[in-house]
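Thank you for sending this model along. The notes below go through it point by point, beginning with the strands.

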Amino acid sequence: MKSSDLRTQRTLVVGVCQKRVIDVAISRGCPMRCSFCLSQSEFYKKYRKMPLDMAKEHISQVQKATNADFIWFRDDYLFQDLAWMKDIARHLKALNVAWAGNIRANDFQRMSEGYLNELKNYGCEMLLMGVESGNDEMLKTIRKGITVEMVKAAVTRCEKAGIRSAGTFICGYPYETREQMMDTARLILKLYQIQPTGEFSASVLRPYPGADILQDCIKLGYELPQSNEEWAELDSTYTVYHSRKELRWIKDYDWFVRFFNYLQTILYFKRRGFDTSFFEKRLFMNTWDSSLIYHIKKLRHNISRVSS
């Protein structure tokens, strides 16, 4: 394996530190059946992982070829086998490589305090959870298999073990109510209270072909892109599906866009250490307006331009 065969970059890894990073996957598939996810497709349905020795050898080859000092595991279900993953983490420690990876909130129920402490000792810098909603009813609807209390407990345990946690959320599900979206905002801000150094973010639902939730979106008026060029156009910006045309499944479009942009703005400044309490109160009082959002977004743009 040649270093030219692999692409590495000097980058800031979710706020951890400046390191030479490489993405690695040592397993495929996911046994979960979340309604919004591609895991329902034939390729993803069956979970399989590399044999332990093969996984270690793969990691060693990648690290040697790239001189990476941080590995980001892109596996959908990295902690399916806790003993296997602990051996992988021990191997990373021997290579003097820090790492981060994906985890489910309910995986923590299978982990002892000692297990998490070992992960920290073996170089784990961050664990990323796909939380998806801050409302228990919505979590059941999308078949996520977790609860809000599980998420809070997971972040609390990460904080205690000295591992930074991250969580991704989705807003704009078909039939999702205003209050359910507000619950998501409440949970995100609560997690920041539990672990101020965490990374918690929200995005707009993307209805993937093959996911059950796509049919709900189509029933509510969504039209699938008809060409690769149309799909590429949707991928051209960081915040996907903000036009009325591409959010047809959301009935209260104007409210949703104001809400989501305001929430994104709060999270933008919170990640940078600003006091956002004033804006948080306005969010939950539904007292934001378009002019305020415009000026805050302009300030965000100016800060980004100065810091770049």
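**Notes on the predicted model**

1. Strand β6, residues 98–103, is joined to β7 by five bridges, and the two strands run parallel. Within this pairing, Gly101 stands opposite Leu127 of β7. Between the two strands the chain passes through helix α4, residues 113–121, and the resulting β-α-β crossover from β6 to β7 is right-handed. Please bear in mind throughout that this is a predicted model.

2. Strand β7 also pairs with β8, residues 164–171, again in parallel, with six bridges joining the two. Here Leu128 of β7 has Ala166 of β8 as its bridge partner. Strand β7 itself, residues 124–132, is mostly covered, since seven of its nine residues are buried. In a regular strand, side chains alternate between the two faces of the sheet.

3. Glu132, which belongs to strand β7, deserves a separate look, as the residue has a positive phi of about 80° although it is not a glycine. Most residues other than glycine have a negative phi. Is Glu132 buried or exposed? Glu132 is buried, because its relative accessible area is 8%, and the cut-off for that class is under 20%.

4. Ser133 lies in the loop between β7 and α5, the latter spanning 136–141, and counts as buried because its relative accessibility is 0%. Setting aside residues up to four places away in sequence, Ser133 touches Met138, Leu139, Phe169, Tyr173, Thr184 and Leu187. A polar atom of the Ser133 side chain lies 3.1 Å from the backbone nitrogen of Asn135. Ser133 and Ile146, which are 13 residues apart in sequence, have their C-alpha atoms 9.9 Å apart in space.

5. A second non-glycine residue with a positive phi is Asn67, where the angle is about 60°. Asn67 sits in the loop between α2, residues 52–66, and β5, residues 70–73. Asn67 counts as exposed because its relative accessibility is 55%, and the cut-off for that class is over 50%.

6. Ser27 is part of strand β3, which covers residues 27–28, and is buried, with a relative accessible area of 6%. Leaving aside neighbours within four places in sequence, Ser27 is in contact with Tyr47, Arg48, Lys49, Asp75 and Tyr77.

7. On the cysteines, the structure holds zero disulfides. Why is Cys34 not bonded to Cys37? The sulfur of Cys34 is 5.9 Å from that of Cys37, its closest cysteine sulfur, and this is too far for a bond, because a disulfide requires two cysteine sulfur atoms within 2.5 Å. Cys37 is likewise in no disulfide, the sulfur of Cys34 being the nearest cysteine sulfur to its own. As for their surroundings, Cys34 counts as buried at 5% relative accessibility, whereas Cys37, at 27%, counts as partly exposed.

8. Taken as a whole, the chain contains twelve helices and nine strands, and 48% of its 308 residues count as buried. Among contacts with a separation of 6 or more, 73% are between residues 24 or more positions apart. The chain exposes about 15600 Å², of which carbon and sulfur atoms supply 50%.

Key:
Residues numbered from 1 in each chain as written. Predicted model: local features only at pLDDT ≥ 70, side-chain atom pairs only at ≥ 80, totals over all residues. Heavy atoms only, no water. Buried < 20%, exposed > 50% of the residue type's maximum accessible area, 1.4 Å probe, protein only. Helix = DSSP H or I, 4+ residues; strand = E, 2+ residues; numbered from the N terminus. Pairing = 2+ DSSP bridges. Right-handed = clockwise from strand over helix to strand, strands pointing away. Contact = heavy atoms within 4.5 Å. Areas by Shrake-Rupley, 256 points an atom, 1.4 Å probe, with all protein chains shown as cover. Polar contact = N/O pair within 3.5 Å; in protein donor to acceptor, adjacent residues only side chain to side chain.
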